[in-house]
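User: I would like to learn how to read a few features of a protein model. Could we go through them step by step?

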Amino acid sequence: MSDLKNILLSKINCKSVWFMRQAGRYLPEFRKIRAQNKNFIQLCLDSELSSELTLQPIKRFDLDSAIIFSDILLVPHALGQSVNFRENYGPSLGSFNSNLFADINVDKFTNKLMPVYKAIEITRKKLNKQKSLISFIGAPWTLLVYMLGLKIGKEEINLDRLNKKSIRLNEIINELVKYLCVHIQNQINAGADVVQIFDSWAGFIPKEKITNYCYKPNKDIVDFCKKRTIPTICFPKGIGKKYQEYNEIVNPDGINLDYDIDPNWAKDKLKNVVIQGGLNPKVLLHPQDEMINTATKYIKNFKDIPYVFNLGHGLLPETDPDNVDKLVKFYRNFNG
Ligand code: CP3
């Protein structure tokens, strides 16, 4: 068996390909369903539709894994914080209430996310047995960036706001870890094979806080998964050379490179882990020969070690699906 779960658990050298945000706005069939479902959270909580969206890229391309159509912000939603997606703006959350965790319990939380688990069940039944179904969560820090409203603009966050808040951050992180582990276990029980942990905003954590806000909570979640043989892929985006320290401390089964990481450096420094991704999603917007040249660098660099072909962040909405098809076919036929 060469499925993703097996590759991660046994660290075997095998071909495997999928893309972050493979279900998304670059697909006309996604946009069609999205246009009829204006409320993004409700769309994520429609089990039949989210299963259909999960399978759209699988029908089009020769991919090895499906990732369940959902969002990291369903967790704050299930915890009782209001979450809205505004067109051309992105997510906007209601103000953070420090009593949030006093008003919630594991049963209530699980019930609110039941449609996600149902979507996983439906999808697992429809998906070829050889293909893995990936579930995911946002890491505590990345969720907090949204929950505490730390984000300003598209690529910036405001740490002053964090310092001004009279909140006990470590306690909140521990509560989030608890509920995130519940969400992982529920997704696995429903039929998911793997979990990917997105720490998309890890690169913005101040140096002296990286252990508390990133390494420790990620390690707590990975340790929870290890005890239950749940394969993990971590994505601490933007932490640069700290990828090495992260890998040694958190020790996940797989690690997703972002597009700033030099693949050569990664091969040299990241040990005992399956490497995934790295290719800049922007290269899919370039002429096809350029795209293929850049992809070749990654494929060649990692050809002797376990490597899952993927990107350094999600597919961009302006991507031509034909380029995705070309890239997957190129990867499949690559012998160099
Ligand atoms: O990868 C997949 O195909 C699975 C689905 C998936 C979505 N979100 C669907 C989605 C996954 C894995 C996510 C993770 C996610 N969500 C992250 C971590 C990964 C990353 O991109 O850094 C984050 C930070 C979010 C929060 C989020 N959700 C943002 C900031 C936005 C708006 C901006 C954007 O990129 O579109 C979303 C909306 C969202 N989540 C869309 C999709 C397909 C677009 C919805 C739409 O407007 O049609």
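Analyst: The turns below take some single residues and the ligand in order; keep in mind that this is a predicted model.

User: Let us begin with burial. Is Thr 54 buried or exposed?

Analyst: Buried means under 20% relative accessible area. Thr 54 has a relative accessibility of 0%, so Thr 54 counts as buried. Thr 54 belongs to helix H4, which spans residues 47–60.

User: Which residues is Thr 54 in contact with, leaving aside its neighbours within four places in sequence?

Analyst: Ala 66, Ile 67, Ile 68, Phe 69, Thr 123 and Leu 133 are in contact with Thr 54 on that count. For Phe 69 there is also a distance to read: a polar atom of the Thr 54 side chain lies 2.9 Å from the backbone nitrogen of Phe 69.

User: Where does the ligand sit?

Analyst: The ligand is in the largest pocket. There are 21 residues around the ligand, and those that come nearest are Arg 21, Arg 25, Arg 34, Asp 71 and Ser 200.

User: What distances separate polar atoms of Ala 23, Arg 25 and Asp 71 from the ligand?

Analyst: Take them one at a time, and note whether backbone or side chain is involved. In Ala 23, a backbone N or O atom is 3.1 Å from an oxygen atom of the ligand. In Arg 25, an N or O atom of the side chain lies 2.3 Å from a ligand oxygen atom. In Asp 71, a polar side-chain atom is 2.7 Å from a nitrogen atom of the ligand. On its own the ligand has 870 Å² of accessible area, and the protein covers 87% of that.

User: Back to single residues. Where is Pro 217 placed, and what does Pro 217 touch?

Analyst: Pro 217 is in helix H11, residues 210–227. Its relative accessible area is 2%, and therefore Pro 217 is buried. Not counting residues up to four places away in sequence, Pro 217 touches Pro 140, Ile 173, Val 177, Thr 211 and Asn 212. For Ile 205, read two separations from Pro 217: 12 residues in sequence and 13 Å in space, C-alpha to C-alpha.

User: Last, backbone angles. What is phi for Lys 11 and for Asn 251?

Analyst: Lys 11 is not a glycine, yet its phi is positive, at about 55°. Lys 11 lies in the loop between helix H1 (4–10) and helix H2 (28–36), and counts as partly exposed because its relative accessibility is 30%. Asn 251, also a residue other than glycine, has a positive phi near 55°. The loop between helix H12 (242–250) and strand S9 (254–257) holds Asn 251. With 33% relative accessibility, Asn 251 counts as partly exposed.

Technical notes:
Residues numbered from 1 in each chain as written. Predicted model: local features only at pLDDT ≥ 70, side-chain atom pairs only at ≥ 80, totals over all residues. Heavy atoms only, no water. Helix = DSSP H or I, 4+ residues; strand = E, 2+ residues; numbered from the N terminus. Buried < 20%, exposed > 50% of the residue type's maximum accessible area, 1.4 Å probe, protein only. Polar contact = N/O pair within 3.5 Å; in protein donor to acceptor, adjacent residues only side chain to side chain. Contact = heavy atoms within 4.5 Å. Near = heavy atom within 4 Å. Areas by Shrake-Rupley, 256 points an atom, 1.4 Å probe, with all protein chains shown as cover. 1 Å grid on protein atoms, 1.4 Å probe; cavity = no way out; pocket = protein on both sides within 12 Å on 5 of 7 lines; lining within 4 Å. Sits in = over half its atoms within 2 Å of the grid points.
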